[in-house]
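Me: I am new to this structure and would love a close look at one part of it. Could you pick a residue, go through its surroundings slowly, and then show me a few other places in the same way?

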Amino acid sequence: MISAALTREQRQRLVRVARGQEDGDLLIRGASVVQPATREVFEADVLIAEGRIAAFGPGYRAARVIEARGAYLAPGFIDGHVHIESSLLTPAGFARAVLPRGTTGIVAEPHELVNVVGAAGLGWMLDAGRSPGLRVWASAPSCVPASGFEQGGANIGAAEIAEMLALPGVLGLAEMMNYPGVLNADPGVWDVLEAGRRAGGFGAGRRMDGHASGVGGRDLHAYAAAGLHSDHEATTPEEARERLRAGLWLMVREGSAARNLAALLPVLREGPRRAMLVSDDVSVDELLELGHLDRLLRTCVAGGLHPADAVALVTCNPAEYWGLHDFGLVAPGYHADFVLLKSLTGFEVLETFVGGEQAQAGTTTPPLPGGGVNLGASWSAATFDVPAQWPVMQVRPDQITTGIGAPGSGDTRLVVADRYGRAGPGQAAHSTCWTSGTGLTGGTLGISVLHDAHNAAFLGGTDADIRAAGAALEALGGGVVVVAGGEVRASLPLPYAGLMTDIDPQQAAAALGQITAAAQALGCVLPYPVTTLSFLGLTVIPALKLTPRGLLDVNAWQMIDTTPTE
């Protein structure tokens, strides 16, 4: 749902309502207004007309009145960087999960979908986001594939990116993950940067999102000098301060696979001017169990932030960053996207409003061509040996970075296979490495959600179980499966590009819970095994990542061994 500008007549009526010359449409009476612009909370009646805030103060009248009885009225929450696909939900399902948590708008980064089905995926995401009651904006994916070491279902160049940037609701260029390409003047990467600069100009509010995992010192300054505006990869206070000093907006990430908020709270307590909270990647079960941005606000206030300062991190700050004028504050002329809260410690949501109306998520999801899983005719006889000289990928339960272990120190195999049916001469269908830290001792967890190329990944198991998990994914058209002894123990079909489902979020969370329980019954110690596994192929996150072509040393930016495994 993208906002429409007011007509001249509507704006003039808003002025008359604010002056008390006409009744408004809605009056929230007796609210405690949270105003992050002035770092205060004050008592006021809030008047709404034409979907906008008209005024606040005493003596106003409206066609409809809601008694707030002291409830806290805050701007609606905005997630400035999120991949809807990582929730495993369509935009309508995502809206049903987050609107009750006070989220009224998101800036989606649909590079997961675009990697599978091409540039049409961005248009689909915006179309699917027009009906669910949640405001869905987007950024245009800049790295499809994320690097030259990956191959998904699409390859997007500067021309396609220019077309995507012209779509209504696209706010700028999405996270530039290929930082080696930026720093080393890769022609294709710089063509993308220039396409972003030509698409209306950043002086008009366009942004170029950053993604600089592990980058510091002169390289970070060089990355910022290339025209990047933000970064959400800081994991330590030192990294966060370095990014702020370099003029980058600090996006503090707290998702299901990467949890950085606790470590960065000391920096947020210092009151940085250019910071926001984002979820990046969050699974449906965590959304329903723990919440969305409301959960992050609870953590911030418990960690010592003033409630108004915490609220600014999910309202006016992301709105300012993305050029979303007239969003993010409870102020005259601003969109009437707001939330009524029981308290400013627990941030329990009483009601969410979008455009002055009580938020109701839609249920319509347009069809999406493409996707599916095709592992090739040779899959039924595939074997999954690991080159003896390869190091071990050390998996971390709360980060998407991995460590490097000595050969022979692993305990669980990881297989990544091309799911697009393209294996041919000189191109391996799959690759295998050893991992440590997952605890999985029997059976196989298989997924078609593998950032960012979204090939198929399989953790653990015998050759027979891995083959059975692949066959199950093919039969589902994409999804998540747990196989043990050749039998499927739990599964979740993801018919939208092998990434998303349109079933009710509660049903999806229940299915994901069964998958997690099945994996943990087989020894897995990861709290969110599907989410963690989904990042073990992302080639722009240190230190080791696995692709169908082989094992990548991200720090050295080279494949460790390109010899086919079959």
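Reply: Let's start at Arg259, which sits in the loop that runs between β12 (249-253) and α10 (261-269). Keep in mind as we go that this is a predicted model.

Is Arg259 buried, exposed or something in between? With a relative accessibility of 24%, Arg259 counts as partly exposed, because the range for that word starts where buried, under 20%, ends and stops at 50%.

Now look at what surrounds it. Setting aside residues up to four places away in sequence, Arg259 touches Arg253, Glu254, Glu286, Arg295, Asp398, Gln399 and Tyr528. One of these, Glu286, also meets Arg259 in a polar contact between the two side chains, at 2.9 Å. A polar atom of the Arg259 side chain also lies 3.3 Å from the backbone oxygen of Gly255. For a view along the chain, try Ile400: Arg259 and Ile400 are 141 residues apart in sequence, and their C-alpha atoms are separated by 9.1 Å.

The loop of Arg259 leads us to α10, and α10 has a partner to look at. The axes of helix α9 (residues 237-245) and α10 come within 8 Å and cross at roughly 45 degrees. That angle makes α9 oblique to α10, because an angle has to be under 35 degrees to count as roughly parallel, and 65 to 115 degrees to count as roughly perpendicular. The crossing of α9 and α10 is right-handed. On the α9 side you can pick out Pro237, Ala240, Arg241 and Leu244, which meet Ala263, Leu264 and Val267 of α10. Sorted by class, this contact holds 6 nonpolar residues, no polar ones and 1 charged one.

It helps to set another helix pair beside this one. Two packed helices are described by the angle between their axes and by the distance between those axes. For helix α5 (residues 158-165) and helix α7 (residues 187-198), the angle is about 25 degrees and the axes are 9 Å apart. So α5 is roughly parallel to α7. Their crossing is right-handed. Here Ala158, Ile161 and Leu165 from α5 meet Asp191, Val192, Ala195 and Gly196 from α7. The classes in this contact are 5 nonpolar, 1 polar and 1 charged.

Next, come to Thr315, in the loop between α13 (307-312) and α14 (316-321). Thr315 has a relative accessible area of 0%, so it is buried. A polar atom of its side chain lies 2.7 Å from the backbone oxygen of Val311. Beyond the neighbours within four places in sequence, Thr315 is in contact with Pro36, Pro75, Gly76, Phe77, Ile78 and Gly328.

Moving into helix α14, you will find Asn317. Its relative accessible area is 8%, so Asn317 is buried. A polar atom of the Asn317 side chain lies 2.8 Å from the backbone oxygen of Ala275. The contacts of Asn317, leaving out neighbours within four places in sequence, are Trp249, Arg273, Ala275, Met276 and Ala312.

Let's finish with the backbone. Most residues other than glycine have a negative phi, and most peptide bonds are trans. Which places can we visit with that in mind?

Two peptide bonds are worth finding. The bond from Val144 to Pro145 is cis, with omega near 0 degrees. Pro145 belongs to the loop between β8 (135-140) and α5, and α5 is the helix we saw packing with α7. The bond from His451 to Asp452 is also cis, its omega being near -5 degrees. Asp452 lies in the loop between β21 (444-447) and β22 (456-459).

As for phi, Ala185 is not a glycine, and its phi is positive, near 60 degrees. You can find Ala185 in the loop between α6 (179-183) and α7. Phe347, again not a glycine, has a positive phi of about 50 degrees. The loop that holds Phe347 lies between β14 (338-341) and β15 (349-354). At 1% relative accessibility, Phe347 counts as buried, because that value is under 20%.

Conventions
Residues numbered from 1 in each chain as written. Predicted model: local features only at pLDDT ≥ 70, side-chain atom pairs only at ≥ 80, totals over all residues. Heavy atoms only, no water. Helix = DSSP H or I, 4+ residues; strand = E, 2+ residues; numbered from the N terminus. Buried < 20%, exposed > 50% of the residue type's maximum accessible area, 1.4 Å probe, protein only. Polar contact = N/O pair within 3.5 Å; in protein donor to acceptor, adjacent residues only side chain to side chain. Contact = heavy atoms within 4.5 Å. Axes fitted to C-alpha atoms, helices over the stretch in contact; angles between N-to-C directions. Parallel < 35°, antiparallel > 145°, perpendicular 65-115°, else oblique. Left-handed = near helix turned anticlockwise from the far one by under 90°. Nonpolar A, V, L, I, M, F, W, Y, C, P; charged D, E, K, R; others polar.
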